[in-house]
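Please open the model in a viewer and keep the sequence panel at hand. The tour proceeds by selections, each followed by an account of what is found there.

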Amino acid sequence: MEMAARRQALRLAARALEQRLNGDSSDHGGAELPCPCGGSAQYHGRHGKTFESALGPLHLQRAYYHCKQCESGFCPRDRALGLESFSLTPGVLRMTGSAAALVSFEESSGLLRELAGVEVSAKQVERAAEALGAEIAVEEHQQVEKMGEVAPTMYLGMDGTGVPMRSSEVANRAGKQADGSAKTREAKLVTIWTAESRNEQNKPVRDPGSVTYSAAIESAATLDTSPELSDFAARVQREASRRGFTEAQRQAVLGDGSAWIWNTATELFPQAAQILDRFHAKEHLSQLGKVIYGDSPEGKQWIQTRYDELDEGRLQSLVEALHRHASQYKEARDCIHYIWKNRRRMRYPKFHQQNFCTGTGVVEAGCKVVIGTRLKRAGMHWTVKGANAIIALRCSKLSGRFEGFWERRSERKQAAA
Ligand SMILES: [Zn+2]
């Protein structure tokens, strides 16, 4: 009864809205209107089209103008009402963007039908979400307004993760496959958060709701001679400006061992403490333990002892323990090199004394949350353009910025009309 009553109520509302709009022919602006191409477009009567709205399908009759010069046509009313996107009304377009930021195109289509009673095919969701995401990505480059409070200590994390690509997008690119080819492109993520809250042991923990993200498949490298920042470094700088990262009394950058992360950190924030995410360091030790001992109790004990050495800052005995396996395992030599290179970023007892949060996967979780759960699912293969649009849409949604984007977009559309 409930669902039937809702359907009926929406249908009535849709008919009322249709009647009101179709009874108003003020969108007829005379026999001729200027065309965006510079030519002039002739009135061709009223044309009907069905739009998917929050009330269900709307059948609208609108004044139609056709331009001979560029052989295209337009309806002034569509522009005025913001109906120019994929036969979706702005209300449905917004719902579609929200859904597709969180779940797959197929699932979005199902949720829109089930929850809102609107029909948007998976293909329509994909096209609309990618178009919105592309708009968000463009706006992100220009919209660098301050948001949120500056905390006494601010944290900035960087990480990368592979996004599965269509084969045409990775042709002739070097990668990690056995034959040297690539199946993925690396998406790079910057995340900023605060950790003023304390747990029962009075250790800093991440403040709920303080996390924002920005990410894209783009380069973190520039020529040494270039005065310009890399695309990714510029992204990091924009996100840091938005959050007031450098205005904090103390700043910490967290990441794994990748060179591009520390190069970017040193270039942009030489004053910030550099901390190797403890979660990443432990992951390396645990992988090495499994290589040497397999999945045995002895191996588990060995890994735990290395963890303790790491947490207690006993890097010397940690490295000595690895040295015992260095002649036999390349992985052990790599791990020694990794610790040596990052030793200053692994002074965990000192960082803890200073009340810094040394990360238990905050950065790693960022990549999983933003990229993994949405873009790395069975059967998904992306283009760079499509992936970057959905990443932008998702970052905006998860960082609480989608609403602001939507308001600015509506204002822009109104002003243009
Ligand atoms: Zn024209």
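The stops below take in a metal site, two sheets and two helices of a predicted model.

**First stop: the zinc ion**

Select the zinc ion together with Cys35, Cys37, Cys67 and Cys70. The SG atoms of these four cysteines are its protein donors, at 2.2 to 2.4 Å from the ion. Display the angles between the donors next: the 4 donor atoms subtend 106 to 113 degrees around the zinc ion, which makes the arrangement tetrahedral. For four tetrahedral donors the ideal angle is 109.5 degrees. In the sequence panel, the spacing of the donor residues reads C-x1-C-x29-C-x2-C. Within this set, Cys35 and Cys67 link distant parts of the chain, being 32 residues apart: Cys35 belongs to the loop between β1 (32–34) and β2 (40–53), whereas Cys67 belongs to strand β3 (residues 56–67). Are these two residues, Cys35 and Cys67, buried or exposed? Both Cys35 and Cys67 are buried.

**Second stop: the four-stranded sheet**

Extend the selection to β1, β2, β3 and β4. In that order they make an open sheet of 4 strands with antiparallel pairing. The edges are held by β1 and β4, each of which has a single partner strand, so one side of each lacks a neighbour in the sheet. On average, neighbouring strands here are turned by 50 degrees against each other, direction ignored.

Now isolate β2 and β3, which pair in the antiparallel sense over 11 bridges. A hairpin of 2 residues connects β2 to β3. To follow the pairing, select Glu52, whose bridge partner in β3 is Pro57, and then Gln42, whose partner in β3 is His66.

Move on to strand β4 (residues 72–74), which runs antiparallel to β3 and is joined to it by 3 bridges. Tyr65 has Phe74 in β4 as its bridge partner. Between β3 and β4 the hairpin has 4 residues, and in its turn Glu71 has a positive phi of about 55 degrees.

**Third stop: the five-stranded sheet**

Clear the selection and choose β9, β6, β5, β10 and β11. These 5 strands form an open sheet in the order β9-β6-β5-β10-β11, with mixed pairing. Which strands stand at the edges? They are β9 (212–216) and β11 (273–276), each with a single partner strand, so one side of each is left without a neighbour in the sheet. From one strand to the next, the twist averages 20 degrees.

Within this sheet, select strand β5 (residues 153–164) and strand β10 (residues 250–255): they run parallel and are joined by 5 bridges. Leu156 is found opposite Val253 in β10.

Then add helix α14 (residues 362–375). This helix lies across β5, β6 (184–194), β9 and β10, and runs at about 40 degrees to β5.

**Final stop: helix α11**

Select helix α11 (residues 315–323) and show its side chains. Its buried residues are Leu315, Leu318, Val319, Ala321 and Leu322. Why do they fall on the same side of α11? They cover an arc of only 155 degrees around the axis, which places them on the same side of the helix. In an α-helix there are 3.6 residues a turn, so residues three or four places apart point the same way. To see what the buried residues of α11 pack against, add α9 (278–293), α10 (297–311) and α12 (330–341).

Terms used. Residues are numbered from 1 along each chain as its sequence is written. This is a predicted model: local features need pLDDT of at least 70, side-chain atom pairs count only at pLDDT 80 or more; totals for chains, interfaces and linings use all residues. Side-chain values use heavy atoms; hydrogens and water are left out. Buried means under 20% relative accessible area, exposed over 50%, partly exposed in between (1.4 Å probe, protein chains only). The arc is that of the directions from the helix axis to the C-beta atoms. Contact means heavy atoms within 4.5 Å. Donors are N, O and S atoms within 2.8 Å of the metal (3.2 Å for Na, K and Ca); water is not among the atoms, so sites may look incomplete. Four donors count as tetrahedral if all angles lie between 85 and 135 degrees; four count as square planar and six as octahedral if opposite donors are over 155 degrees apart and all others between 65 and 115; anything else is irregular. Two strands pair if DSSP finds at least two bridges between them. Axes are lines fitted to C-alpha atoms, for helices over the stretch in contact, and angles run from 0 to 180 degrees between N-to-C directions.
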